[in-house]
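These are my notebook entries on a structure that is new to me. I set down what I looked up, entry by entry.

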Amino acid sequence: MLQPGLPGFAAAVSADADVVVLDIEDGLPDAQKPAGRRAVADWLHGGGEAWVRISSAGTPAWDADLGELSSAPGLAGVILAKTEAADDVAATAARLPEATPLVALVESALGVESALEIARAPRCSRIAFGIGDFRRDTGMSADPMVLAYPRARLVTASRAAGLPGPIDGPTLRDQARHLTRETEVAKAAGMTGRLCLDVGHAETINTLLSPSALEIDEARSTLARLDAPTGPYDGSAGPTRARAEALLDLAAKLGMP
């Protein structure tokens, strides 16, 4: 996510990230939000295209964000900060063009406990995990074991609602040494994307969240064994087949051999 007012909107669009998100919520001090909002609106009206993280539903900043951005032709999608209820999604969606995708950013204890309700909101296209604000709200540490519960809640709610796996929070710019480990944790938890604060992190994240060559080979070998069994299978064949097929489907979507 990029802070408005910083150079490089256009450069970020050509980076390895799947989408570019311009942050006019916590990415700016309150005093700079009006100028940042105008800068983003001007760029999106002037031929630029990006997602935007907007302020939490019902706040004056949320109303101002949607007032300036909802009609911008370059608005590719919205990330709604501090989502805590399905009504937050519904109120925001009502102010946007019908085809605009909306990601609910869950950043509090109430948001995590309302995850299924949020995921089932008609216009919610995906859930993302706002780790920094969640930790501030709950007092939890960044230890992956401590954060296993909220991640599991978001993954389970997304699956139950028929959504893609959720998007995990970012690695801070000054913590780049932890990027690989934190991405591996996200993948193991069932998250299928990550937010970035540094476009230089995108390549590593994409590589680690994509199936590896070894995983693809193992999935193919698994299906071959199940298709031509030589004896009893040690385990449950159905889930094993489904996991292998899902991995190969993802590899095909990503254009991997």
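Entry 1, a loop. I looked up Lys 82 and found its place in the loop between S3 and H4. The model is a predicted one. I noted that phi of Lys 82 is near 50 degrees, a positive value in a residue other than glycine. I then asked whether Lys 82 is buried, partly exposed or exposed. Its relative accessible area is 26%, so I recorded Lys 82 as partly exposed.

I turned to Thr 83, which lies in the loop between S3 and H4 as well. Thr 83 counts as buried, because its relative accessibility is 0% and the cut-off for buried is under 20%. Leaving aside residues up to four places away in sequence, I listed what Thr 83 touches: Asp 88, Val 89, Ala 104, Leu 105, Val 106, Gly 111 and Ile 118.

Entry 2, strand S4. Three of those names, Ala 104, Leu 105 and Val 106, led me to S4, which spans residues 102-106. How many of the five residues of S4 are buried? I found five of five, and S4 is mostly covered. On one side I noted Leu 102, Ala 104 and Val 106, and on the other Val 103 and Leu 105; both faces are covered.

I next looked up the partners of S4. S3 (residues 75-80) pairs with S4 in the parallel sense over three bridges, and Leu 80 has Ala 104 as its bridge partner in S4. S4 also pairs with S5 (residues 124-129), in the parallel sense and over five bridges. In S5, Arg 126 is the bridge partner of Val 103. I recorded that S3, helix H4 (residues 86-93) and S4 make a β-α-β unit, which is right-handed.

Entry 3, strand S2. I followed S3 to S2, to which five bridges join it, and the two run parallel. Ile 79 in S3 is the bridge partner of Arg 53. Through helix H3 (residues 60-69), S2 and S3 form a right-handed β-α-β unit. S2 (residues 50-54) is largely enclosed by the rest of the structure, because five of its five residues are buried. Ala 50, Val 52 and Ile 54 cover one side, and Trp 51 and Arg 53 the other.

I also looked up S1 (residues 21-23), which is joined to S2 by three bridges and runs parallel to it. Leu 22 stands opposite Val 52. From S1 the chain crosses through helix H2 (residues 33-45) to S2, and I noted this β-α-β crossover as right-handed.

Entry 4, Pro 166. I located Pro 166 in the loop between helix H8 (148-160) and strand S6 (167-168). Pro 166 is buried, because its relative accessible area is 0%. Leu 154 is twelve residues away from Pro 166 in sequence, yet their C-alpha atoms are 6.6 Å apart. Among the residues that Pro 166 touches I noted Ile 127, Leu 154, Met 191, Thr 192 and Gly 193.

Entry 5, the largest pocket. Which residues lie nearest the centre of the largest pocket? I found Arg 126, Gly 165, Met 191, Thr 192 and Gly 193 there, out of 49 that line it. The space in this pocket is about 1,600 Å³. I sorted its lining into 30 nonpolar, nine polar and ten charged residues. H12 supplies the largest share of the lining, six residues. S5, H8 and H9 are among the elements that each supply at least two.

Methods: Residues numbered from 1 in each chain as written. Predicted model: local features only at pLDDT ≥ 70, side-chain atom pairs only at ≥ 80, totals over all residues. Heavy atoms only, no water. Buried < 20%, exposed > 50% of the residue type's maximum accessible area, 1.4 Å probe, protein only. Pairing = 2+ DSSP bridges. Right-handed = clockwise from strand over helix to strand, strands pointing away. Contact = heavy atoms within 4.5 Å. 1 Å grid on protein atoms, 1.4 Å probe; cavity = no way out; pocket = protein on both sides within 12 Å on 5 of 7 lines; lining within 4 Å. Points joined across faces, edges and corners; volume = space filled by probe spheres on them. Nonpolar A, V, L, I, M, F, W, Y, C, P; charged D, E, K, R; others polar.
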